[in-house]
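Me: I have a protein model open and I am new to this. Can you show me how to read it, feature by feature?

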Amino acid sequence: MDKLNKAQKDEFATSFAILALYDGGAEISSGQISALLEATGNTEVEPFYPIIFANFLNTPDKVATLIASPGAGSGGGGGGGGGG
């Protein structure tokens, strides 16, 4: 973790907070994420991270989909060149 920059640490902390809320069956909202970050001593996370992450992962189904297929949504590889 020492080699991560601040933004990466904030993203990890926010991601882990969402996973904890999901695992506990709690509501996934920016308020809940912020409260969990505060409770775990992650008080320096930029305040926009919980908002952005909660807007994207605001239902258990979305979190489950991301867990089940973490590479989904990423661009596919380019097509191979034609052989001649």
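Reply: Start with burial. A residue counts as buried when its relative accessible area is under 20%, as exposed when over 50%, and as partly exposed in between. Keep in mind that this is a predicted model.

Me: How many residues does the protein have, and what percentage of them count as buried?

Reply: The protein has 84 residues, and 20% of them count as buried. Now look at the surface. The accessible surface comes to about 5800 Å². Carbon and sulfur atoms account for 56% of that area.

Me: Which secondary structure elements should I look for, and in what order do they run?

Reply: Look for helices. The protein has four helices and zero strands. From the N terminus on, the order is α-α-α-α.

Me: How do I read a salt bridge, and which residues form one here?

Reply: First the general idea. Side chains of opposite charge can pair when their charged atoms come close. Now the case. A search of the whole structure finds one salt bridge. D10 pairs with K6, and their closest N and O atoms are 2.9 Å apart. Both residues sit in helix α1, which covers residues 6-23. They are four residues apart, about one turn of the helix.

Me: Is D10 buried or exposed?

Reply: D10 has 5% relative accessibility, so it counts as buried. Its partner K6 has 39%, so K6 counts as partly exposed.

Me: What about the nonpolar core? Which residues have the most contacts inside the largest one?

Reply: A core is a set of buried nonpolar residues joined through their side chains. The largest one here has 13 residues. Those with the most contacts inside it are I18, I28, I33, L37, V45 and V63. Helices α1, α2 (30-39) and α3 (48-56) each supply at least two residues of this core. α1 gives the most, with four residues.

Me: Pick one core residue. What is L37 in contact with, leaving aside its neighbours within four places in sequence?

Reply: L37 is in contact with A13, T14, A17, N42, T43, V45 and P50. Step back to the whole protein. Take the contacts between residues at least 6 apart in sequence: 52% of them join residues at least 24 apart.

Me: So sequence and space are separate things to check. Where can I practise?

Reply: Try A20 in helix α1. A20 and L36 are 16 residues apart in sequence, and their C-alpha atoms are 8.8 Å apart in space. A20 has a relative accessible area of 41%, so it is partly exposed. Then try P47, in the loop between α2 and α3. P47 and D10 are 37 residues apart along the chain, and 9.5 Å separates their C-alpha atoms. P47 has a relative accessible area of 60%, so it is exposed.

Me: Which residues make the nonpolar surface patch?

Reply: Look for nonpolar side chains that are joined at the surface. M1, F12, F16, L19 and I67 make a patch of about 510 Å². α1 supplies the largest share of this patch, three residues. F16 lies in that helix.

Me: Last one: aromatic rings. How many aromatic pairs are there?

Reply: Rings count as a pair if their centres lie within 6.5 Å. A search of the whole structure finds three aromatic pairs. Ring pairs link F48, Y49 and F53 into a cluster.

Definitions and conventions
Residues numbered from 1 in each chain as written. Predicted model: local features only at pLDDT ≥ 70, side-chain atom pairs only at ≥ 80, totals over all residues. Heavy atoms only, no water. Phe/Tyr/Trp six-rings, centres within 6.5 Å; stacked < 30°, edge-to-face > 60°. Buried < 20%, exposed > 50% of the residue type's maximum accessible area, 1.4 Å probe, protein only. Contact = heavy atoms within 4.5 Å. Areas by Shrake-Rupley, 256 points an atom, 1.4 Å probe, with all protein chains shown as cover. Salt bridge = Lys/Arg side-chain N within 4 Å of Asp/Glu carboxyl O. Core = buried A, V, L, I, M, F, W, Y, C linked by side-chain atoms within 4.5 Å. Patch = residues over 30% accessible without salt bridge, like charges linked within 9 Å, V, L, I, M, F, W, Y side chains within 5 Å.
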